[in-house]
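Please look at the sequence and the model together before reading on. The questions below go through the structure piece by piece, and each answer ends on what was asked for.

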Amino acid sequence: MRLSEADSHALAGAPAPTYLEDGTTVMSWLNTRDHKRVAVLFLFSVIFFFFIGGVFALLLRFKLLQPGPFFVDAISYNRLFTLHGVVMIFLFLIPAIPSAFGNFVLPLMIGARDVAFPRINLLSWYLYWIGAVIAIWAMVHGGADTGWTFYTPYSSTSPTQVAPILLGAFILGFSSILTGLNFIVTVHTLRAPGLSWMRMPLFVWGLYATSIIQILATPVLGITLLVVTVERIGGFGLFDPARGGDPVLFQHMFWFYSHPAVYIMVLPAMGVISECVCAFSRKNPFGYRAIAFSSIGIAFVGFFTWGHHLFVAGQSTFIGGAFGILSMFVGIFTAIKVFNWVGTLYRGAISFKTPFAYICGFLYFLVFGGMTGIALATTSLDIHWHDTYFIVAHFHFIMVGASVMAFLAGLHYWFPKMFGRTYSEGWGLVAASLIILGFNATFVPQFLLGNFGMPRRYYQYPEHFQALNVASTAGATLLGFGFIIILIYLAIALRYGERSVPNPWGSKGFEWMTASPPPTHNFDEIPTITQMPHDYRTHEPPGVIRVA
Amino acid sequence: MGIPEGIIGHHFSSLARQNEAMRLGMWLFLATEILLFAGLFTGYAVYRFEFPLAFADGSRHLNLAAGTVNTVVLITSSFTVALAIHFARTDRPRAAAVCLVLTILMALAFLGIKAIEYTEHFHERALPGKFYAFKEVPIPGAAMFYSLYFLMTGLHGLHVVIGMSVLTWILWRTLQGRYSSRYYTGLELGGLYWHLVDLIWIFLYPLLYLI
């Protein structure tokens with residue numbers, strides 16, 4: 001048997017090198033089976049695409065400073081909002097938390113040496129890049145102007161590069177499915193002794209619920225995009241009214257994936273927050289079971305809400321009402337979580353570190369975005385707000401306000417775990433304040449604009465909307481500065497940051513049982529778990545190594 | 001005969017646990033395959049409801065004999081792949097290999113018959129969507145029937161090709177002596193996949209040829 005570098009160190013009696021030191025060549029990264037390295041590859045990839053998507057957003061907002069034609073022409077504007085949506089959703093939000101942080105900490109949290117299928121895990125990263133490269137190729141060759149929703153019949157006739165973008169999204173779907181499949185099998189078969197389901201960290205519960213959606217919803221998107229592609233190439237006509245097809249069927253099939261996909265973006269974010277809330281208030285989770293089961297509840301009910309995107313697409317009033325009520329169930333499960341997080345914070349020993357700032361932002365944005373979601377699920381109100389900036393503001397509150405805040409909370413919370421370095425806490429808080437302030441300045445005006453009737457995706461708008469649009473663009477600029485500050489101080493920390501102690505937060509999350517950064521094999525011996533996660537009542541470590 | 005080297009991953013505590021993981025992984029993957037086809041089945045249901053006459057008429061003009069023979073061929077191939085697993089777990093690798101060869105031959109036969117059918121459609125101009133010019137069924141909705149027919153049988157045919165490739169790879173591993181009563185999970189998973197390909201056809205056959 002060939003010895004890995006880590007094994008030979010162990011044989012020599014020296015402490016095992018960290019996963020970062022176990023092989024330093026490029027190939028040792030590109031051909032790795034280690035879940036931690038795959039996670040780091042994903043982390044850098046999604047951050048790269050986050051900045052690309054962000055540049056598209058800033059260009060859009062820059063155009064919207066003026067009501068008339070300005071800066072870009074109308075077709076480029078259509079391409080910009082399409083690419084902003086496609087990049088942010090398929091290349092950032094969907095993989096961000098599960099594939100980067102999930103891959104890194106899930107095996108650590110359940111006391112495993114790796115995910116169940118390490119090679120498939122690496123394959124998932126390669127599929128991500130194949131999909132991404134196809135999408136980039138399409139962007140360079142003219143992009144698409146359909147919006148990220150690819151509504152037919154326009155998407156089957158648009159002269160832009162819709163087909164390669166659809167193909168890219170199809171391949172990215174495979175990447176997402178394989179990650180979800182890996183996580184479910186890992187949770188079922190690789191939990192350490194003593195780690196019963198009711199002791200699983202809440203982040204693992206969140207990822208488990210996410211994986212169910214990834215497996216059951218993504219294939220439906222796959223076939224839908226495939227049918228649009230053959231429609232473009234071969235004129236099959238399934239969604240083409242000229243050939244007896246029904247374009248609304250596309251909307252049904254598209255949202256059967258794409259609404260649950262919102263929960264692919266939000267459930268892992270909620271999991272990150274569940275971990276951070278406990279760690280930074282030094283309390284066990286209040287209502288552990290309620291938080292865990294509400295994740296499964298959201299995953300389940302999320303499959304029965306897609307019709308709320310079709311309230312004005314000719315759906316019957318009865319079906320609209322039914323979908324509206326079903327959508328409100330998501331609000332109940334989300335509220336259960338919010339109450340439990342607040343219950344956890346209550347009388348906790350709160351340390352106001354950078355991740356905690358993002359927790360505060362997250363809670364506020366999630367409640368605000370969630371409440372407007374309940375309002376939008378009411379058919380009569382939705383008719384007024386449908387396809388206006390009110391919708392844009394609502395889903396940005398959830399996707400940026402909730403998911404990106406949680407991504408940043410996780411990034412700061414696990415940064416010492418992943419890289420063994422500390423970042424500048426002062427700059428962390430400055431950037432967090434800028435981002436939360438900038439976010440409000442960007443999207444609160446959009447709620448107002450939408451309520452006044454400004455439609456989304458329009459190139460021009462009446463002059464009396466200009467003041468609010470300028471405010472929104474100013475906010476987006478602040479937001480952009482905030483992200484650039486984070487990029488700079490984390491890049492500096494990566495190279496010059498002080499060495500971190502193994503558990504800088506004193507967290508009792510299970511992922512902190514091992515060294516930071518962990519050795520390649522995670523644990524010298526698999527621990528036996530003896531506690532609930534985040535049990536701060538004792539000073540005992542959460543897991544013990546029983547020597548037989 | 002022991003377990004061949006390199007089968008147990010370093011992160012699994014036992015082979016039994018790893019087998020459990022592999023089986024669960026395969027079943028989850030099969031679930032994604034079913035949902036992939038579910039989109040087309042939904043499309044079929046919607047347009048069958050919309051154009052009942054055209055669909056019934058289109059169905060009458062398919063080659064029923066070819067479809068029936070193909071159904072028998074696929075069901076038999078499912079039987080031979082199940083036999084292959086049985087022979088592998090009772091330490092008869094040569095018999096297992098013979099069964100796998102039979103399965104692959106039947107997969108080829110299926111594709112051959114399908115190709116003959118496709119050729120007929122091309123000659124009759126019974127083609128999907130905008131290329132449709134089949135004189136015997138000129139009513140509205142018939143083009144939609146052929147669109148769905150080509151999409152569903154095409155995607156299924158692609159799965160037959162994938163399944164056949166997987167089985168060929170498994171045949172090679174069987175000939176290397178990898179599967180025995182100690183370890184046969186790889187073969188078992190290939191068999192599972194083949195059963196799914198078969199099962200989807202069992203739904204396609206009545207929907208497209210019989211009703």
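**The core, the contact and the details**

Q: Which residues have the most contacts inside the largest nonpolar core?
A: This is a predicted model, in which local features need pLDDT of at least 70 and side-chain atom pairs count only at pLDDT 80 or more, while totals for chains, interfaces and linings use all residues. Residues are numbered from 1 along each chain as its sequence is written, and chains are lettered from A and ligands numbered from 1 in the order in which they are written. A nonpolar core is a set of buried Ala, Val, Leu, Ile, Met, Phe, Trp, Tyr and Cys residues joined through C-beta atoms within 7 Å, where buried means that 20 or more other C-beta atoms lie within 10 Å of the residue's own, exposed means 12 or fewer, and partly exposed lies in between, with C-beta atoms placed from the backbone. The largest such core has 230 residues, and those with the most contacts inside it are A:V204, A:A269, A:I273, A:F362, A:A406 and A:A409.

Q: Which helix gives the largest share of this core?
A: Helices are DSSP runs of H or I with at least four residues, strands are runs of E with at least two, and both are numbered from the N terminus. The largest share of the core amounts to 23 residues, and the helix that supplies them is α9(A).

Q: Which residues does A:A406 contact, leaving aside its neighbours within four places in sequence?
A: Two residues are in contact if their C-beta atoms, placed from the backbone, lie within 7 Å. A:A406 is one of the residues with the most contacts inside the largest nonpolar core. Without the sequence neighbours within four places, its partners are A:I97, A:A269, A:V272, A:I273 and A:F362.

Q: Which helix gives the most residues to the side of chain A that touches chain B?
A: The contact between the chains takes 32 residues from chain A and 30 residues from chain B. On the side of chain A, α7 (162-189), α8 (202-234) and α9 (247-281) each supply at least two residues. The helix that gives the most, with 10 residues, is α8(A).

Q: How many residues on that side of chain A are nonpolar, polar and charged?
A: Ala, Val, Leu, Ile, Met, Phe, Trp, Tyr, Cys and Pro count as nonpolar, Asp, Glu, Lys and Arg as charged, and the others, Gly among them, as polar. Sorted in this way, the residues of chain A that touch chain B come to 19 nonpolar, nine polar and four charged.

Q: How many helices and strands are there in chain B?
A: Read from the N terminus on, the elements of chain B run α-α-α-α-α-α. The C-alpha atoms of this chain fill a box of roughly 65 × 30 × 25 Å along the principal axes, and buried residues make up 39% of its 211 residues. The count for chain B is six helices and zero strands.

Q: Where is the kink in α1(B) centred?
A: Helix α1 of chain B covers residues 15-50 and reaches 52 Å from its first C-alpha to its last, close to the 52 Å expected, the expected span being 1.5 Å times one less than the number of residues. The bend at a residue is the angle between axes fitted to the seven residues ending there and the seven starting there. In α1(B) there is a kink of about 25°, and its centre is B:A38.

Q: Why do the buried residues of α2(B) line one face of the helix?
A: In α2 (residues 52-60) of chain B, the residues B:A54, B:F55, B:G58 and B:S59 are buried, whereas B:P52, B:L53 and B:R60 on the other side are exposed. The buried residues pack against α1, α5 (142-175) and α6 (185-210) of chain B. They line one face because, seen down the helix axis, the directions from the axis to their C-beta atoms fall within an arc of 135°.

Q: Which peptide bond, with omega near -10°, is cis?
A: A:P517 is found in the loop between α16 (466-496) and β1 (528-529) of chain A, and A:T18 is in contact with A:P517. Most peptide bonds are trans. The cis bond with omega near -10° runs from A:S516 to A:P517.

Q: Is B:D91 buried or partly exposed?
A: B:D91 lies in the loop between α3 (64-89) and α4 (93-124) of chain B, and its phi is positive, about 60°, although it is not a glycine. Because 14 other C-beta atoms lie within 10 Å, B:D91 is partly exposed.
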